[in-house]
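Let's take a walk through a protein model and look at how some of its helices sit against one another. Have the picture ready and follow along.

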Amino acid sequence: MNASRSPVGTLLALLSALAFSSLAVWGKLAQQLQLPTYTLLPWRFALVALVLFGFGAARGPFTWRDRRVMGANGLLYALATTCYFLALARISAGATGLLLYLAPAFVVLYVWLLGRRPHGVQLAAVALTAVGLGLVVGLPGAGDRDALGLGFGVLTGALYGAYLLYSERRLHYPPLAATAYLCLTSAIGFGLMGALTGTFGVPSSAAAWGVIAATAVFPTLLAVPLLFMAIRRIGAARTSVLATTEPLWTVLLAFLVLGEPLRAGTLAGGALILAGALLAQRTPPGEPRSEVEVTPPAGL
């Protein structure tokens with residue numbers, strides 16, 4: 001069987017996207033439990049780092065420079081995650097998940113600012129995402145009328161685009177090792193933020209620990225290996241296309257679990273944002289492939 005058509009690989013990619021998409025729902029449930037963000041995130045990343053380092057995922061002949069590069073990558077990721085949860089506190093889980101998918105358009109913009117002119121297909125992708133953003137932001141539902149929340153959602157896409165570009169250009173290490181250092185950096189950073197804001201603590205309820213464990217397991221320890229397994233079976237390009245179903249899963253989970261409405265503006269704008277994310281990956285026939293692979297996000 002052709003690896004690119006492996007039904008098992010396709011299923012693994014879709015399950016990975018579903019697992020990644022659950023983060024917004026767990027974040028909303030944490031808010032309902034009054035679990036502070038800077039208690040949730042330090043414990044989430046600390047648990048994942050403990051598992052990865054414990055199983056030797058970060059072993060290797062890494063120099064201090066290597067660790068600094070991976071640590072800087074973790075810092076960008078942590079900043080994007082912070083904005084994601086700030087947006088999640090003010091707008092719906094569905095809109096937050098969709099705005100994350102502005103990241104590929106920001107990658108195109110950053111590459112242009114760095115001196116590499118994007119081709120017409122990528123500019124069309126940026127135009128599609130801009131129109132989609134206008135629909136999501138310009139036609140807000142009852143839960144999405146907070147301008148600051150929408151701003152944090154857009155900033156999440158901008159920061160995650162920077163994270164993707166940095167990862168593409170500077171991160172040449174085994175994925176699980178990079179993930180281990182990313183989680184370690186994030187755990188330390190979020191722990192310090194929690195200490196500075198006085199919101200870090202040890203949860204006392206089983207429900208709170210359940211949400212923390214769920215964020216560590218589903219959108220991280222489960223989603224990442226499933227993603228790597230899918231890539232091995234059907235390749236990175238096809239996997240990244242299937243990854244664009246993630247915000248659709250987010251909208252569906254938010255509807256089923258949280259009771260968030262399925263708004264026409266969000267669905268139409270989200271479809272355009274996802275179309276732009278897909279189009280940003282394409283290279284017109286006869287043109288050399290871009291120096292930077294513009295792939296969709298793979299979850300926070």
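Are H4 and H11 roughly parallel or roughly antiparallel to each other? Keep in mind that what you're looking at is a predicted model. To describe two packed helices, we use the angle between their axes and the distance between those axes. So let's get both for this pair. Helix H4 covers residues 93-100 and helix H11 covers residues 246-258, and they pack at an angle of about 175° with their axes 8 Å apart. Angles over 145 degrees count as roughly antiparallel, and therefore H4 and H11 are roughly antiparallel to each other.

Who does the touching? On the H4 side you'll find Ala93, Gly94, Gly97, Leu98 and Leu100, and they meet Glu246, Pro247, Thr250, Val251, Ala254 and Leu258 of H11. Sort the residues of this contact by class and you get seven nonpolar, three polar and one charged.

Stay with H11, since helix H1 (residues 7-32) packs on it too: the axes of H1 and H11 come within 8 Å and cross at roughly 45°. That angle makes H1 oblique to H11. The crossing is right-handed. From H1, the contact includes Leu14, Ala17, Leu18, Phe20 and Ser21, while H11 brings Glu246, Trp249, Thr250, Leu253, Ala254, Val257 and Leu258. Here the split is 12 nonpolar, four polar and two charged residues. Look at the numbering on H11 and you may spot a rhythm. An α-helix has 3.6 residues a turn, so residues three or four places apart point the same way.

Now move over to another pair. Helix H2 (residues 37-54) and helix H3 (residues 64-88) pack at about 140°, with 11 Å between their axes. That makes H2 oblique to H3. Their crossing is right-handed. H2 puts in Thr37, Tyr38, Leu40, Leu41, Arg44 and Phe45, and H3 answers with Tyr77, Thr81, Thr82 and Phe85. By class, that's six nonpolar, three polar and one charged.

Last stop: helix H9, residues 206-234. How far should its 29 residues span? At 1.5 Å a residue, the expected span is 42 Å, and the end C-alpha atoms of H9 are 39 Å apart, which agrees. H9 does have a kink, though: it's about 40°, and you'll find it at alanine 223, shortly before proline 225.

Terms used
Residues are numbered from 1 along each chain as its sequence is written. This is a predicted model: local features need pLDDT of at least 70, side-chain atom pairs count only at pLDDT 80 or more; totals for chains, interfaces and linings use all residues. Side-chain values use heavy atoms; hydrogens and water are left out. Axes are lines fitted to C-alpha atoms, for helices over the stretch in contact, and angles run from 0 to 180 degrees between N-to-C directions. Helices (H or I, at least four residues) and strands (E, at least two) are DSSP runs, numbered from the N terminus. Angles under 35 degrees count as roughly parallel, over 145 as roughly antiparallel, 65 to 115 as roughly perpendicular and the rest as oblique. A crossing is left-handed if the near helix is turned anticlockwise from the far one by less than a right angle, and right-handed if clockwise. Contact means heavy atoms within 4.5 Å. Ala, Val, Leu, Ile, Met, Phe, Trp, Tyr, Cys and Pro count as nonpolar, Asp, Glu, Lys and Arg as charged, and the others, Gly among them, as polar. The expected span of a helix is 1.5 Å times one less than its number of residues. The bend at a residue is the angle between axes fitted to the seven residues ending there and the seven starting there.
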